Amino acid sequence: MPGSLGFSYSLTYDSVDINYGQVAGNTSFLLFPSKGLYIAYIPKGWDFRDLPQVMFPTRTKMEKYAVSANFSSPATKESYALYNYGPAVNTTADYPASGVYSIHSAQKDNFSATFIGIKPSYYNLTLTSGNLHWQLYASPDSAIVNPLALITAQNSKLLQGQSFGTLSLSAFGYLNVPGLGFSDYFNLATDPVLIQNKYVMHWDGYGKTF
């Protein structure tokens with residue numbers, strides 16, 4: 001398994017931080033897509049004084065790239081994540097357009113949401129009551145979901161004595177995997193054989209907390 005070498009820039013301190021996933025003896029790659037350069041590096045420990053200074057053109061060395069990115073806004077309590085796997089590094093992100101979903105009801109026994117212009121593989125919601133967090137996944141074709149009925153029907157021994165009276169929506173989100181609907185996605189995600197033979201080339205997801 002390859003190591004992971006990353007960096008971040010601090011506007012406050014005008015500094016660059018480099019971090020490594022501590023997979024000793026494995027090659028790590030530090031990419032600069034905007035410059036078309038990368039470093040291929042096998043670290044010897046936590047000392048980076050021997051980090052090579054030579055940068056190589058990405059097109060001459062790499063066959064495929066796995067790129068993931070996460071974006072968040074504390075002001076709006078929204079987040080967006082994406083993943084791409086392919087022969088080129090995509091340096092742009094297709095952020096969700098405003099108004100692609102609408103929540104019509106957020107009651108513990110009646111949740112309703114619709115999507116406009118998109119059809120994600122699934123949507124998920126989290127309801128919270130004290131130290132209880134109830135997360136469920138639903139098909140975008142499910143116009144109405146009853147979270148309270150679903151959790152009650154489990155008859156879970158671990159939940160005995162828990163109160164569902166104050167369950168309220170604390171988070172909402174969705175995931176889009178092109179070409180995979182609700183059943184297709186979970187058939188893939190829960191099949192240890194199938195998931196080894198079908199590689200997901202792209203996914204993107206949105207989340208919002210309340």
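Two residues are said to be in contact when heavy atoms of theirs lie within 4.5 Å of each other. With that idea in hand, let us walk through this structure, which is a predicted model.

A good place to begin is Ile118, found in the loop that runs between β9 (110-115) and β10 (122-129). Leaving out residues up to four places away in sequence, Ile118 touches Val100 and Tyr174. Another residue to look for from here is Pro96: Ile118 and Pro96 are 22 residues apart in sequence, yet their C-alpha atoms are 9.5 Å apart in space. Ile118 has a relative accessible area of 33%, so it counts as partly exposed, since that class covers values between the 20% limit for buried and the 50% limit for exposed.

Now step back to see the whole chain. The protein has three helices and 14 strands. Of its 210 residues, 30% count as buried. The surface that the protein exposes comes to about 13600 Å², and 55% of this is supplied by carbon and sulfur atoms. How much of the contact list comes from residues 24 or more positions apart? Among contacts with a separation of 6 or more, such pairs account for 48%.

Aromatic rings are another thread to follow. The count of aromatic pairs comes to 20. Ring pairs link Tyr101, Phe111, Phe115, Tyr123, Phe172, Tyr174 and Tyr206 into a cluster. One of these, Tyr174, is already familiar as a residue that Ile118 touches. Another member of the cluster, Tyr206, leads us on to a pocket.

This is the second largest pocket, with a volume of about 270 Å³. Its lining is made up of 15 residues, and those nearest its centre are Glu78, Pro96, Ala97, Ser98 and Tyr206. What classes of residue make up this lining? There are nine nonpolar, five polar and one charged. Two strands, β6 (65-73) and β7 (78-86), each supply at least two of the lining residues.

Strand β6 is also the place of Phe71. Setting aside neighbours within four places in sequence, Phe71 is in contact with Glu78, Ser79, Tyr80, Leu82, Ala93 and Tyr95. In that group, Glu78 is one of the residues that lie nearest the centre of the second largest pocket. Leu82 is 11 residues from Phe71 in sequence, and the two are 9.0 Å apart from C-alpha to C-alpha. Is Phe71 buried, exposed or partly exposed? Because its relative accessible area is 32%, Phe71 is partly exposed.

Between β6 and β7 comes a loop that holds Lys77. Its backbone deserves a look. Most residues other than glycine have a negative phi. Lys77, however, has a positive phi of about 60 degrees although it is not a glycine. With a relative accessible area of 47%, Lys77 is partly exposed.

A further positive phi belongs to Asn155, where the angle is near 50 degrees, again in a residue other than glycine. Asn155 is found in the loop between α1 (147-152) and β13 (168-176). Its relative accessibility is 64%, so Asn155 counts as exposed, a class that takes in values over 50%.

Key:
Residues are numbered from 1 along each chain as its sequence is written. This is a predicted model: local features need pLDDT of at least 70, side-chain atom pairs count only at pLDDT 80 or more; totals for chains, interfaces and linings use all residues. Side-chain values use heavy atoms; hydrogens and water are left out. Helices (H or I, at least four residues) and strands (E, at least two) are DSSP runs, numbered from the N terminus. Buried means under 20% relative accessible area, exposed over 50%, partly exposed in between (1.4 Å probe, protein chains only). Accessible areas come from the Shrake-Rupley method with a 1.4 Å probe; for residues, only the protein chains shown count as cover. Rings of Phe, Tyr and Trp (its six-membered ring) pair if their centres lie within 6.5 Å; planes under 30 degrees apart count as stacked, over 60 as edge-to-face and the rest as tilted. On a 1 Å grid over the protein atoms alone, a cavity is a set of points where a 1.4 Å probe fits but cannot get out, and a pocket is an open set with protein on both sides within 12 Å along at least five of seven lines; lining residues have an atom within 4 Å of a point. Grid points are joined across faces, edges and corners, and a volume is the space filled by probe spheres set on the points. Ala, Val, Leu, Ile, Met, Phe, Trp, Tyr, Cys and Pro count as nonpolar, Asp, Glu, Lys and Arg as charged, and the others, Gly among them, as polar.
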